[in-house]
Amino acid sequence: MTEVALSVRGLSKSFSGLKAVNNIHFDLKKNEIMGLIGPNGSGKSTTFNTITGIIPADSGSVKVFGEEVMGRPPHEISSLGLSRTFQNTRLWRELTVLENLMIPPKNQFGTSVLNALMPWKYKKQEGELIEKAYTILKLLEIEHMAENYASELSGGQSKLVDIGRLLMSDAKILMLDEPVAGVAGPLTEKIFQTLKKLRKELGLTILIIEHNMDFILRKGIDHIVVMANGEEILNGPPDIVRQSLDVIDAYLGE
Amino acid sequence: MSEGSDPMGEDPNFFETIGAPLSKFVIVKTFGAAFKEFFSRALDKIERKEIDVSSPTGKVYNYVHLIFFVLFYPFLLLGHMVSGFTEVISTETLHRFPKGRRDKVLQDRIFIVGMTIVLVLILIQPSDPSKKLFVISFLVFLICYYSIMAMGLNIQTGATGIVNFGVIFFVGIGMVSSAVLSTKGISLFGLKIILDPISSMLVGMVISAVVGYLLAYPGLRLRTDYFAIITIALGEFLKRMLLAEPTFQTDRPWGSSIGISNIPAPFKDALDNNRFGIEYDTILALIAIIFMVIVLVISKLLLRSPYGRVLRGIREDEQVVASYGYDVFKYKASVLAIGGAIFAMAGSMWVWKVSSIFPGSIAVITTFYVWAAFIIGGKGNSKGMILGASVIAITQYSVDNLSTISLAERPKTFLAVLDFFFRIIAVDIGGAIFGDSTWQNSFTSREDAMVDTSFIQLFIVGALIILFLRYMPDGILPELPYTPKSESHGRFEDEELLIEKMRKTSQVYTKEEKT
Ligand SMILES: Nc1ncnc2c1ncn2[C@@H]1O[C@H](COP(=O)(O)OP(=O)(O)OP(=O)(O)O)[C@@H](O)[C@H]1O
Ligand SMILES: [Mg+2]
């Protein structure tokens, strides 16, 4: 498993002089779970936004499964098999939880105008997707909210639905921006277990942002990139990152 | 709510104890009175031989009554509608339908009751007996006309969130295409092409759809509010263009813009040897109903499908929709095209109705009425559009009717009161504040003054919009949530099943991609 799923080279973005992301390099190998950590305002979310095309990057190169995506619109990048969540959970608020889960699946027959007029064409697929959606909701322990509007959910529940949406999308690369902030402890554990299991069974590649470093170091992640002030300061396996962080802490502590 | 069965476990409040029976009483009384009045009037007129029962119009008039009473009176007696209506307004609703008006069953009932009221209102419009059928046909046509436009707007603004204030622009494209293609025709490669009314309409719809699609290119790159502002200008733009258009002018060199008249309408010729005593208006009303049903079915199919779901996602947060791989721009452009075609259809219908068109037909105020229907009906709900359109059409017609019905039937006192108030509000106070009239010559009685109905219409519709936005912002029938149940509900337990499912769906997709 040495194939690279996501390759980032020299990615930079500044906001009116502020270097939010400065010359970031990393390779996300296929089937790997990578953590992107760093203090508040270190440029993690901006890195996500520039990779996915939500914000145009100033310079650098991003390759998804070997294909250059810099400068392409978000929907084209996503179509290569990459889906993400946003940090400030952006559900479709006046849609039900179930509907929120039913938009992300790719290749739905009924999403073209002509097929939409012929319900029998998409009925079977729709049924399968509903089943899948309920399975995911059950797994995330929010099945009872399926028929509620997304605007009626609590903060933690919203996060869960957001993860559910991501799982529905059939993407090969999942990018999660602080997925478990505000989610209760045991459920956090379960979500991480599920992600790891899915990764193994379905060959997914996962990139997680988390700013609680101790927390993510305990989650059994393959690879960690540490950012600070837009710079990439560390890049390596958790053990080494932890030692280096201790060194940095000690250094800064003096 | 009966005793002890209150699921909320709260003390029953005033409305719960007295609201339901009170509203039931009021409804039954009003319904009863309306029907008694109507029934006796019809009988009266036939007895007094004001209607010649043997004449063709008289026959139709009779049949309409007969059908109405045979079909609808039993329903009323069965109490279905009365109970439905009570549910709408009483607080019992909250317990029986926890989702409130977002419940399908309740919505169906509201719709039936609403349409019945609409029907009653159509039938009790005061009019000359010989013109009864004409009035009914006109109102039905007007309701269908507004419904179709409102449903077009509903797909664009209600579902997708594209704010379009240029309804009349697309309607105008339909009007002009229909008028020109079916009368003067166009020259293509030296061939003079004149089409029949239906084909003209279809061509107009295609033109309007293409214009809508192309409008997406400059328009949708802008922010929502700027796009809305552009669309306001479009209607006026079309009107100005028509004013300068040679096709619309007299042959004389100084010819002013007179438009096109004697525009043919579908099946009009077939009525030449009129044996059934049916006016063309009735036929056109039927055609309008058919068109409306077609648009209703199409818009329901679209909005209920995965396509409609993506549209609603775009309305809520288009960036997230894009980051799940959907080309938001293409979806919005397709919506502008579909809406454009629907608006153009309405435009052609209007041309058939009045059989003439001139630049003044592009009345920007139409957009306002369609928006009112959209807000009152309930954005996001196709059926709601019909209710909203009915409210607008009936208001418009009733107010117009006040000044056009024969003098004998005109409710003089009512008009005088209206006149008095509107004079004071609009002319005296308004004039004194904004105009050049002085306080001295304001507030003088003008008994001769006749009320101008157009601003009463605007006043009522405006008031309705404000009231709805304030007290019922979702409209009469709000958008329905999407709530299909899972078949294996509750049987799956763990992620094994999920993994299996995910593997299955991704297999389905890869298979699909290959073919
Ligand atoms: N759209 C924007 N416009 C201007 N400045 C921005 C924008 N987005 C981010 N920034 C700035 O870029 C810097 C990095 O922000 P970013 O959101 O990437 O941080 P983060 O690492 O995700 O922080 P957190 O852990 O708090 O989420 C911040 O200083 C922020 O103010
Ligand atoms: Mg962030």
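Which residue of β5(A) does A:Val64 stand opposite? In this predicted model, the residue opposite A:Val64 is A:Glu67 in β5(A). The report starts from this pair, goes through the sheet around it, and then turns to the ligand and a second sheet.

**The four-stranded sheet**

Strand β4 of chain A covers residues 59-64, and it pairs with β5(A) in the antiparallel sense over two bridges. The two strands form a hairpin with two residues between them. One residue in that turn, A:Phe65, has a positive phi of about 45°.

β4(A) also pairs with β1(A), again in the antiparallel sense, here over five bridges. Within this pairing, A:Arg9 has A:Ser61 of β4(A) as its bridge partner.

These strands belong to an open sheet of four strands with antiparallel pairing, in the order β2-β1-β4-β5 (chain A). The edges are taken by β2 (18-29) and β5 (67-68) of chain A; each has a single partner strand, so one side of each is left without a neighbour in the sheet.

A helix accompanies this sheet. Helix α1 of chain A, residues 44-51, lies across β1 (4-15), β2 and β4 of chain A. The helix runs at about 115° to β1(A).

**The surroundings of ligand 1**

Helix α1(A) appears again at ligand 1, where it provides the largest share of the shell, three residues. Around the ligand there are 14 residues, and those that come nearest are A:Asn40, A:Lys44, A:Ser45, A:Thr46 and A:Gln87. Sorted by class, the shell holds four nonpolar, eight polar and two charged residues.

The table lists polar contacts to oxygen atoms of ligand 1.

| Residue | Part of the residue | Distance to an oxygen atom of ligand 1 |
|---|---|---|
| A:Ser42 | backbone N or O atom | 3.1 Å |
| A:Lys44 | polar side-chain atom | 2.7 Å |
| A:Gln87 | side-chain N or O atom | 2.8 Å |

How much of the area that ligand 1 exposes when taken alone does the protein bury? Taken alone, the ligand exposes 630 Å², and the protein buries 63% of that. The elements giving two or more residues to the shell are β2 and α1 of chain A. Both also have a place in the description above: β2(A) is an edge strand of the four-stranded sheet, and α1(A) lies across that sheet's strands β1, β2 and β4.

**The six-stranded sheet**

Chain A has another open sheet, this one of six strands in the order β6-β7-β8-β3-β9-β10, with mixed pairing. Why do β6 and β10 of chain A each have one side without a neighbour in the sheet? β6 (82-84) and β10 (231-236) stand at the edges with a single partner strand each, so one side of each is left without a neighbour. On average, neighbouring strands of this sheet are turned by 15° against each other, direction ignored.

At one edge, β6(A) is joined by three bridges to strand β7 of chain A, residues 173-177, and the two run parallel. Here A:Arg84 has A:Met175 in β7(A) as its bridge partner.

Helix α7 of chain A, residues 185-202, packs on this sheet. The helix touches β3 (33-37), β7 and β8 (205-210) of chain A, and its direction makes about 155° with that of β8(A).

Technical notes: Residues are numbered from 1 along each chain as its sequence is written. Chains are lettered from A and ligands numbered from 1 in the order in which they are written. This is a predicted model: local features need pLDDT of at least 70, side-chain atom pairs count only at pLDDT 80 or more; totals for chains, interfaces and linings use all residues. Side-chain values use heavy atoms; hydrogens and water are left out. Two strands pair if DSSP finds at least two bridges between them. Contact means heavy atoms within 4.5 Å. Axes are lines fitted to C-alpha atoms, for helices over the stretch in contact, and angles run from 0 to 180 degrees between N-to-C directions. A residue is near a molecule or strand if one of its heavy atoms lies within 4 Å of it. A polar contact is a pair of N or O atoms within 3.5 Å; within protein, one must be able to donate a hydrogen and the other to accept it, and residues adjacent in sequence count only if both atoms are side-chain atoms. Accessible areas come from the Shrake-Rupley method with a 1.4 Å probe; for residues, only the protein chains shown count as cover. Ala, Val, Leu, Ile, Met, Phe, Trp, Tyr, Cys and Pro count as nonpolar, Asp, Glu, Lys and Arg as charged, and the others, Gly among them, as polar.
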